[in-house]
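This report describes a protein model for a reader who has not seen it before. The sequence and structure come first, and the description follows.

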Amino acid sequence: GEDPQEWLPTMPPQFGKIELMAGLGNYTQNTSLVTAGSVSGSNNLTPNILVRGELWLNPEWYVGVQLRQSVFSIDNNLTGSSPGSLNMSVGQYGVSAGYNFLLTSDFFGPKLQVGAGYNTTKFSVDNSTPTAFTTMDYSGFLISLAGQFPLSEELPVDIGGRFDFYMNPNVSESKDSGSSSDSKINSFSFFVDYRMKTRFKIRGELMLENYSTDFTGTGQRTDPATSTSHKMTTLFGGVQYLF
């Protein structure tokens, strides 16, 4: 043909990856008050932006970062409380490091991952009178278990999942509901990757999260709270660039 050139194979990614995703989710907050009972606020279409980065130190060891942001509004159904609609945001930031257990000699083949890191998730909400919800910041060290498996050699699709176990998570509030006697965080996800090219993938991911706290004492609320929970279910879609 015209202008012939020597064919060279594409070099596989060697250093890491960057992931950009957007998603829509469902958010629900429930707070139990001594006098008013259960107060809840929710939004079924919460927009989310998620950025992840991963640096491969070698085929086994890696370090990573994660940034996530969501802004939306929820109803205030506490009787006599105003305003009736509250602006809310969720910010999530984390760092991690881990080890890859390669099940074959191929780095991009099936593998298991064990990691450790630190993560913080802040639920920020407008003030209301009397207080319905408070701004809460959950943080803690975590252990993560993950796996990724190609469906077949012919089909360029990987499936996988991840579970994060938090060790003694901490919680802080803008207005204390009392002493937090017990806080829990449950987080796990399932994903599907489609390999478009050597350096590009399309990812779909379903993420499920639950943050809950039980309180003792009266705190700063006029009507003391006994418990609060935040539940999020988010479906993400986006791209990965491997370099």
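Gln29 sits in strand 1, which covers residues 16–33; strands here are DSSP runs of E with at least two residues, helices are runs of H or I with at least four, and both are numbered from the N terminus. The model is predicted, so local features need pLDDT of at least 70 and side-chain atom pairs count only at pLDDT 80 or more, while totals for chains, interfaces and linings use all residues. Residues are numbered from 1 along each chain as its sequence is written, and side-chain values use heavy atoms, with hydrogens and water left out.

Gln29 counts as buried because its relative accessibility is 0%; buried means under 20% relative accessible area, exposed means over 50%, and partly exposed lies in between, with a 1.4 Å probe and protein chains only. Its side chain makes a polar contact of 3.0 Å with the side chain of Tyr27. A polar contact is a pair of N or O atoms within 3.5 Å; within protein, one must be able to donate a hydrogen and the other to accept it, and residues adjacent in sequence count only if both atoms are side-chain atoms. Leaving aside neighbours within four places in sequence, the residues in contact with Gln29 include Val39, Ile74, Met88, Phe133 and His230, where contact means heavy atoms within 4.5 Å.

**The barrel**

A barrel is closed by 10 strands in the order 1-2-3-4-5-6-7-8-9-10, with antiparallel pairing. From one strand to the next, the twist averages 20°; axes are lines fitted to C-alpha atoms, for helices over the stretch in contact, and angles run from 0 to 180 degrees between N-to-C directions. Strands 2 (residues 37–56) and 3 (residues 61–75) run antiparallel and are joined by 9 bridges; two strands pair if DSSP finds at least two bridges between them. Gly53 has Val65, in strand 3, as its bridge partner.

Leu20 is another residue of strand 1. Its relative accessible area of 47% makes Leu20 partly exposed. Leu20 and Leu50 are 30 residues apart along the chain, and their C-alpha atoms are separated by 6.1 Å. Beyond its neighbours within four places in sequence, Leu20 is in contact with Leu50, Val51, Gly238 and Val239.

**The nonpolar core**

The largest nonpolar core has 23 residues, and Tyr27, Ile74, Met88, Phe123, Phe133 and Tyr138 have the most contacts inside it. Such a core is a set of buried Ala, Val, Leu, Ile, Met, Phe, Trp, Tyr and Cys residues joined through side-chain atoms within 4.5 Å. Among the elements that give two or more residues to this core are strand 1, strand 4 (85–102), strand 6 (136–150) and strand 10 (225–242). With neighbours within four places in sequence left out, Tyr138 is in contact with residues including Phe123, Val171, Ile185, Tyr211 and His230.

**Salt bridges**

The count comes to 10 salt bridges, each a side-chain nitrogen of Lys or Arg within 4 Å of a carboxyl oxygen of Asp or Glu. The table gives three of them.

| Pair | N to O distance |
|---|---|
| Arg52 and Glu205 | 3.0 Å |
| Asp164 and Arg162 | 2.9 Å |
| Arg203 and Asp193 | 2.7 Å |

In the third pair, Arg203 lies in strand 9 and Asp193 in strand 8 (residues 179–195), so this salt bridge ties together parts that are 10 residues apart in sequence. Arg203 and Asp193 are both buried. Glu19, Arg52, Asp193, Arg203 and Glu205 are joined into one network by salt bridges that share partners.

In the pair of Asp164 and Arg162, Asp164 is buried at 10% relative accessibility, whereas Arg162 is partly exposed at 33%.

Arg52 belongs to strand 2 and is buried, with a relative accessible area of 17%. The side chains of Arg52 and Gln66 are joined by a polar contact of 3.2 Å.

**Backbone details**

Two cis peptide bonds can be pointed out: one runs from Ser82 to Pro83, with omega near 0°, and another joins Thr129 and Pro130, with omega about -10°. Pro83 is in the loop between strand 3 and strand 4, and Pro130 is in the loop between strand 5 and strand 6. Asn168, in strand 7, is not a glycine, yet has a positive phi of about 50°. Asn168 is exposed, with a relative accessible area of 68%.
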